[in-house]
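Biologist: Before we discuss rings and empty space, could you put the model on the screen?

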Amino acid sequence: MSLTFGQVIALIGAALAVALPGIGSARGVGLVGESASGLITEDPSKFGQSLILQALPGTQGIYGFLAGFLTIQKIGLLSGTLLDITPFQGWLIFASCMPIAIVGLMSAIYQGRVAAAAIGIISKRPEEVAKGITFAAMVETYAVLSLLATILMLFGISI
Amino acid sequence: MAIVKMEKMHLLALKNEQSKLMQTLQKTGIVEVIDITEDENEEKQGHKEDRIRDEIAKELAELEAKLSDLKFGIDFLKPYSKSPNPLIYGKPDVKKDELSEILSAESKIKKSLQVVFDLDKKIVHLKSEESKILNQIDFLMPWQGLDIPLEQLGYTDKAAFMAGVIPRKSKDKLEEKIEENSLLADIKVIGERRDDLYVLIIYHISGKEEIQNLFKEFSVTIQDFMGLQGAPSEIIEQSKKRLDEIQKEREAIKTQAQGMTQELFNFEVLYDYYMIEKDRKTNTLKLFDTDKSFYLQAWIPKERKTYITEIISKITDMVYVEFTEPEENDDIPVLLSNSKLVEPFEVITELYSLPDPRGIDPNPYMAPFYWIFFGMMLSDAGYGIILSLLTAVALLKFKLEGSGKKFIKMFFLCGISTTIWGAIFGGWFGDLIKIKPLWINPLDNPMAVLIVSFALGVIQIYTGIILEGYKNIRDGHVLDAIMDQGFWLLLLTGILMFVFQPLAGIAKYLAIIGVVGLVLTQGRAQKNVLMKFASGVLSLYNITGYLSDLLSYSRLLALGLTTGVIASVINTMAKTISGSIIGFIIMILVLLGGHVFNIVINALGAYVHSSRLQYIEFFSKFYESGGRAFDPLRIKTTYVKLEDL
């Protein structure tokens, strides 16, 4: 099976949409995990609350995966027969993958930093953890918007 | 419904009936005693007054000491006991005669506390001994090969026997030097660790000075065994035996602690009993008293007024009770009262902040939105059913209390919403069970769902603005309501109507009225005419705020899609594996694990983002937070239930 240029471009787009937010989420989740471990050594009972905070920056990776999945579904890879894609269409698909790829990468890291800082809230004032979660969710808005942009662009491209 | 109206209770009664009255009030659990000692003039309080206060303070200190001892006992015994988790199975009920039995056996309980202290001391002692022994073993390990008893090291008449540590790389050079100077010495390697060799050095006493100089040159350290006796291997052997003994002693302590279940229960009952007494005493310090009488101020829910007067009049006739409305600057505590369906959602507001006592309770308005949004974001009928089933089981089987119970109830209700939305979107474990959607599959037509999301957003934002307007009208600021909320509603409605072609004609006028109204009125706080106009124009900038609020609701679509797509990914993955019997088993495992993961991660997302829409988009429009929770003097226990005290 030989791939056309358009198909390759589209696949690179899908790969980036999965990979970059995945990297970001790994970094973000890692950041929170580090500070959470510090807290758990002091007070193991805070595990549940910390875990929620740690899960927050993980969503970008899921959004990226989602975008990548929709893309390969779009180009027919999942059904076994790749659709014929012109270079122009390939670039369109590539472009539509970019919002979540880029914003997912960055926002996951920033969100991780906010969530890591919120671990401090759990240690000192555990009853206020909802506020920390809200701060972190503020960052996620942009990942959600970019995912939406990616999806809408993707659905708008006709093959 | 909403925020419970509070009134101030003023109670004047006789001193000798104080403790009886306080006990009764504590039992009812509906009054929050106000600390009035700070308001009163210091001079008014005579010496007698102080003496009474000191007495209570002394009693409090005694209680405090007892409580901390009991707490220690409980914390010590708790890990050893297998008592059921009170969070799940509820607190055990303690009847009156059971309590008096425990109270009468207090001296015995004190003795068992002493036993616990001794056990703890023993454990600490064993632990320090163990670490000492472990250090010793570690220290002697490299010397294991030395077969001379340690006390025999040192000088004899003619020779010296020294144990030393020498850097590995210096050993050969040292031996060369000894050879060169033809000294009578021998170096025997006993053991090694990292870069060091552990050696026994034997030399003739005649060469002592030179040898010691060489030691310095090649940084040989002479080991001091600090009075240890016997050969190292023997010492290690004995130490290990002692370690085994320590382990056995620990086991013995453990079995003894495990056998103290009844004692643990007694500690818990006593702890709660004294805690109640402490609460009462602390609140007694908030009263204002004279020689023969005392004066108490407390907050009480308005509707409980007659109930409390009845209760008090049963105790004594020599009492005067009066109720007053709260004054301007009073710090009114907040108690919420909502219908059964709304109540579980109070946790969402509580996690944000309680409402201002003079504001409005957002819960009745917030709850339906939260419910709808949660369901729309999780939006899978299968997941909804699982969520509701699990939480229903938890509610029926476990004796949950407080906010934990509210949380579970909320998830139960949200599970129902999730099921409904799942049916609307045709999501049953993703595409595992193919049932035609009641409306559409969002993957087929995301734009339609996006429009629904925005429509829900518009409704919620409008509700927020209208609530703020209602608050203004309620407080008598009708003009403010028209200018600050009315014009905005006009403008926003006008803009929205532009979307629908046939309405565009009216829309223009609505929007223009709104804009003109806003420009003319929003600067009314400014003094300068020019500034009035400038602020008015600038206020239009808020329109971007409303726009971004509205766009934020697009997450309803995005998170809904996430659940559905990930579920179908799991299904696709599972299907590709199936075929053989092993494949079938793996398929089932993939389906189980995958969907559990998807439920957890997306329920968390739905919870977080639905909360966020309330906190940021909805509450910002009208909500005044900053209330203080109503915390009445009541029978508050940690471990057991002491209802009939």
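**Rings, charges and cavities**

Modeller: In this predicted model, K71(B) lies over the face of Y271(B), at 5.8 Å from the ring centre.

Biologist: Over the ring of which residue does the charged end of K208(B) sit?

Modeller: A charge counts as sitting over a ring if, among other conditions, NZ of Lys is within 6 Å of the ring centre. The charged end of K208(B) lies 4.7 Å from the centre of the ring in question, which belongs to Y155(B).

Biologist: How is the pair formed by the rings of W143(B) and Y198(B) classed?

Modeller: The structure holds 33 aromatic pairs over all chains. For W143(B) and Y198(B), the ring centres are 5.1 Å apart and the planes meet at 85°. Planes over 60 degrees apart count as edge-to-face, so the pair of W143(B) and Y198(B) is edge-to-face.

Biologist: How many residues apart are the two partners of that pair, W143(B) and Y198(B)?

Modeller: W143(B) is in the loop between α5 (106–140) and β4 (154–155) of chain B, whereas Y198(B) belongs to strand β7 (residues 196–204) of chain B. The pair therefore links distant parts of the chain, with W143(B) buried at a relative accessible area of 0% and Y198(B) buried at 10%. Along the chain, W143(B) and Y198(B) are separated by 55 residues.

Biologist: And how far apart in sequence are the parts that F373(B) and Y553(B) tie together?

Modeller: The rings of F373(B) and Y553(B) form an edge-to-face pair, with centres 5.7 Å apart and planes at 70°, and both residues are buried. Because F373(B) lies in helix α12 (residues 363–378) of chain B and Y553(B) in the loop between α19 (542–552) and α20 (555–577) of chain B, the pair ties together parts that are 180 residues apart in sequence.

Biologist: Which element gives the most to the lining of the largest cavity?

Modeller: The largest cavity encloses about 60 Å³ of space, and its lining includes A130(A), I133(A), Y607(B) and Y615(B). The elements that give two or more residues to this lining are α5 (129–156) of chain A and α21 (581–622) of chain B. With five residues, the element that gives the most is α21(B).

Biologist: How many charged residues are in the lining of the second largest cavity?

Modeller: About 50 Å³ of space lies in the second largest cavity, which is lined by residues including T59(A), Y63(A), L559(B) and N602(B). By class, its lining has four nonpolar and four polar residues, and the number of charged residues is none.

Definitions and conventions: Residues numbered from 1 in each chain as written. Chains lettered and ligands numbered in written order. Predicted model: local features only at pLDDT ≥ 70, side-chain atom pairs only at ≥ 80, totals over all residues. Heavy atoms only, no water. Phe/Tyr/Trp six-rings, centres within 6.5 Å; stacked < 30°, edge-to-face > 60°. Helix = DSSP H or I, 4+ residues; strand = E, 2+ residues; numbered from the N terminus. Buried < 20%, exposed > 50% of the residue type's maximum accessible area, 1.4 Å probe, protein only. Lys NZ or Arg CZ within 6 Å of the ring centre and 35° of its normal. 1 Å grid on protein atoms, 1.4 Å probe; cavity = no way out; pocket = protein on both sides within 12 Å on 5 of 7 lines; lining within 4 Å. Points joined across faces, edges and corners; volume = space filled by probe spheres on them. Nonpolar A, V, L, I, M, F, W, Y, C, P; charged D, E, K, R; others polar.
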